[in-house]
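User: Here is a structure I would like to go through. Please justify each label against its cut-off.

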Amino acid sequence: MTTVDHAAPPEDIDADAAVRLASDASALLLDVREDDEWMAGHAPGAVHVRLGDVDPAAFDRRVPIVAICRSGNRSRAAALKLAGAGLAAYNLDGGMKAWQDCGRPVVRDDGGVGTVV
């Protein structure tokens, strides 16, 4: 009889919890939006990998991952994929819109003030 290891589904967290995880547990903020969305603005310190390019094998299993998109839908799909591969994954509920709405900074790659598109 084969035993299947079912990973726990990813937890939805708010922006404050994402910042705490990044700070306390050195979590990776993974932005899975498209290139134009990323270039318009993203969370400081985030890493950009488009949703279609997310490969769980590319991530350190010891580092928690907070998946981010515009509204929380694409990032939920990314977090499910990562969690299914046994990684500690979280979904930023409300995405970058919620991040910005609670006063968190949005930046461009050049360091200027960004926007969420």
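**Labels and their grounds**

Analyst: The sulfur of cysteine 102 lies 15 Å from the closest cysteine sulfur, that of cysteine 69, which is too far for a bond. A disulfide here is a pair of cysteine sulfur atoms within 2.5 Å. The structure therefore holds zero disulfides. Before going on: this is a predicted model, in which local features need pLDDT of at least 70, side-chain atom pairs count only at pLDDT 80 or more, and totals for chains, interfaces and linings use all residues. Residues are numbered from 1 along each chain as its sequence is written, and side-chain values use heavy atoms, with hydrogens and water left out.

User: Is cysteine 69 buried or exposed, and what makes it so?

Analyst: Buried means under 20% relative accessible area, exposed means over 50%, and partly exposed is in between (1.4 Å probe, protein chains only). Cysteine 69 has 1% relative accessibility, so it counts as buried. Cysteine 102 has 40%, so it counts as partly exposed.

User: What makes the strands one sheet, and in which order do they stand?

Analyst: Strands are DSSP runs of E with at least two residues, helices are runs of H or I with at least four, and both are numbered from the N terminus. Two strands pair if DSSP finds at least two bridges between them. Three bridges join β4 (residues 65-68) to β5 (residues 89-92). Four bridges join β2 to β4. Both counts meet the rule, so both are pairs. Five strands form an open sheet in the order β1-β5-β4-β2-β3, with parallel pairing. β1 (11-13) and β3 (47-48) each have a single partner strand, so they stand at the edges, and one side of each is left without a neighbour in the sheet.

User: How do you know that helix α1 packs on the sheet, and which strands does α1 touch?

Analyst: Contact means heavy atoms within 4.5 Å. Helix α1 (residues 15-24) touches β1, β2 (28-31), β4 and β5. The direction of α1 makes about 105° with that of β1. Axes are lines fitted to C-alpha atoms, for helices over the stretch in contact, and angles run from 0 to 180 degrees between N-to-C directions. Helix α3 (residues 73-84) lies across β1, β2, β4 and β5, and runs at about 175° to β5.

User: Which residues of β4 point which way, and are they buried or exposed?

Analyst: Ile65 and Ala67 point one way, Val66 and Ile68 the other. All are buried. As for partners, valine 66 has tyrosine 90 as its bridge partner in β5, while isoleucine 68 stands opposite aspartate 31.

User: Why is the crossover from β4 to β5 called right-handed?

Analyst: The chain crosses from β4 through α3 to β5. The label applies if, with the strands pointing away from the viewer, the path from the first strand over the helix to the second runs clockwise. This β-α-β crossover is right-handed.

User: What makes arginine 104 and aspartate 16 a salt bridge?

Analyst: The rule asks for a side-chain nitrogen of Lys or Arg within 4 Å of a carboxyl oxygen of Asp or Glu. Here N to O is 2.8 Å, so the pair qualifies. Arginine 104 lies in the segment after α4 (95-101) and aspartate 16 in helix α1, so the salt bridge ties together parts that are 88 residues apart in sequence. Arginine 104, at 28% relative accessibility, is partly exposed. Aspartate 16, at 34%, is partly exposed as well.

User: How many salt bridges are there by this rule?

Analyst: Eight. One of them joins arginine 50 to aspartate 35, with the closest N and O atoms 3.1 Å apart. Arginine 50 sits in the loop between β3 and β4, and aspartate 35 in helix α2 (residues 35-40), 15 residues apart. Another salt bridge joins aspartate 60 to arginine 62 at 2.8 Å, N to O. Arginine 62 has 72% relative accessibility, so it counts as exposed, whereas aspartate 60, at 33%, counts as partly exposed. Salt bridges with shared partners join Asp35, Arg50 and Asp53 into one network.

User: Where is serine 26, and is it buried or exposed?

Analyst: Serine 26 is in the loop between α1 and β2. Its relative accessible area is 51%, so it is exposed. Serine 26 also has a positive phi of about 55°, although it is not a glycine.
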